[in-house]
Every structure is written in structure tokens, then in C-alpha cells.
Amino acid sequence: MSNEGGVRTIHRRTPESAAMLANVKRAMSITAALNRLTFNDADEVRALFSELIGKKVDESFLLIPPFYTAGGDEIRVGRNVFVNQNCTFYDLGGLDIGDDVMIGPNVSLITASHPLEPSERRAVTIGRPIVIERNVWIAAGATIIGGVTVGENSVVAAGSVVTRDVPPNTLVGGNPARVIRSIGD
């Protein structure tokens, strides 16, 4: 495994890949329990999510199940974060979510990928971090891929696929997402 410049590379059939698989199994067990809960079980959702990420989340954190992840231990969330239902966070590369972030339903934050070269695709998993800065709104059905930072106060429009950094105070949309306009006071 290497971790150069925030990029995490895990090769097949190594102790690191075995640890990754064990972590996926752990996360699936926790999310199965979490996904049996409802909106009215907010305290239990927070407790299970805290177990999943290995750190107690703030009382202001709200997640509406179902929720999916392939690890969980690389997710960090700030205060007053809202995650709507049916979101998927693949956090191998690290996923930092700042304070006051709103994440709509069916959003995918995917830090993991594979090489383009066919002969290497199944042999290597690559994780690149995603950073969601303070007061961001990610609307329904958006996908953000690894290596991206979404700047403070920005909005990612519904259905967008974000492949590049989003400047602060910006509305982006489309596939691939492009700057639509500046926003702010």
C-alpha cells in the first residue's frame, strides 16, 4: 500500500487488501443494523454512525436511512450535517464533511476507483480524498468522485457528476459538472 499525495493504493492479495475486506464486512454489519432504523430513531442512528466512523458524531448530526458505505472508518463529519436517505459514501481515500453541510437523497461520494488499464483493473484499488467544505449543499442524485474538494458555501445541482474541484461560493451542475454562476450574499 502507498499513500502518496493523499492517494491510497491497495494491491490485491496483500495484508492491506485483507484489512480492507475485513473493514467492508464490518461496515456492512453496522449499516445493516442502521438501515433497520427509521427517521424517529435519530439517537440510535447517531450511535451506530458513530460506531461506523469510529468517532462520536455531534448531536446535531442527522441521517435518514438507508445509508451505504464500503468502510466508514475514513469518514469525518462536522456539526449540523444532514444526510438524506439512500446515500452511498465510499470512503477509502478519506471523506471530510464540514459543518453545516446538507446532502440530498441518492447522493454518491465515491473516493475509490481502479486503473483504466484492463490488466490492472482487478489488481489495484485506488482511493483519493473528497473534501466537502462548510455550508455546502449537495442536491439529489449528485455524484462526487475522489480527488475533489467542494468549496465553502457552494451548491452541487441535482444529478451532477463532479470530477473537478468546485470553487467556494459557486453553483455547479451537469455531467461533468461545470460552473453555472457565483452565489452568495
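Contact here means that heavy atoms lie within 4.5 Å of each other. In this predicted model, such contacts join helix H1 to helix H2: Arg-26, Ala-27, Ile-30, Thr-31, Ala-33 and Leu-34 in H1 meet Val-45, Leu-48, Phe-49, Glu-51 and Leu-52 in H2. The points below treat H1, its packing against H2, and an open sheet of seven strands.

**Helix H1**
- Helix H1 comprises 20 residues, 15-34, and spans 29 Å from its first C-alpha to its last, close to the 28 Å expected at 1.5 Å a residue.
- Ser-17, Asn-23, Ala-27, Ile-30, Thr-31 and Leu-34 are the buried residues of H1.
- These buried residues cover an arc of only 140 degrees around the axis, which means that they lie on the same side of H1.
- Pro-15, Lys-25 and Met-28 are exposed on the other side of H1.

**Packing of H1**
- Strand S2 (7-11), helix H2 (42-53), S3 and strand S4 (67-69) are the elements against which the buried residues of H1 pack.
- The axes of H1 and H2 come within 10 Å and cross at roughly 175 degrees.
- Angles over 145 degrees count as roughly antiparallel, and H1 and H2 are therefore roughly antiparallel to each other.

**The open sheet**
- The strand order is S3-S6-S9-S14-S17-S19-S20, with mixed pairing.
- Strand S3 (62-63) and strand S20 (177-182) stand at the edges with a single partner strand each, so one side of each has no neighbour in the sheet.
- Strand S6 (residues 82-83) pairs with strand S9 (residues 102-103) in the parallel sense over two bridges.
- Val-83 stands opposite Ile-103 in S9.

Terms used
Residues numbered from 1 in each chain as written. Predicted model: local features only at pLDDT ≥ 70, side-chain atom pairs only at ≥ 80, totals over all residues. Heavy atoms only, no water. Pairing = 2+ DSSP bridges. Helix = DSSP H or I, 4+ residues; strand = E, 2+ residues; numbered from the N terminus. Expected span 1.5 Å × (residues − 1). Buried < 20%, exposed > 50% of the residue type's maximum accessible area, 1.4 Å probe, protein only. Arc of directions from axis to C-beta. Axes fitted to C-alpha atoms, helices over the stretch in contact; angles between N-to-C directions. Parallel < 35°, antiparallel > 145°, perpendicular 65-115°, else oblique.
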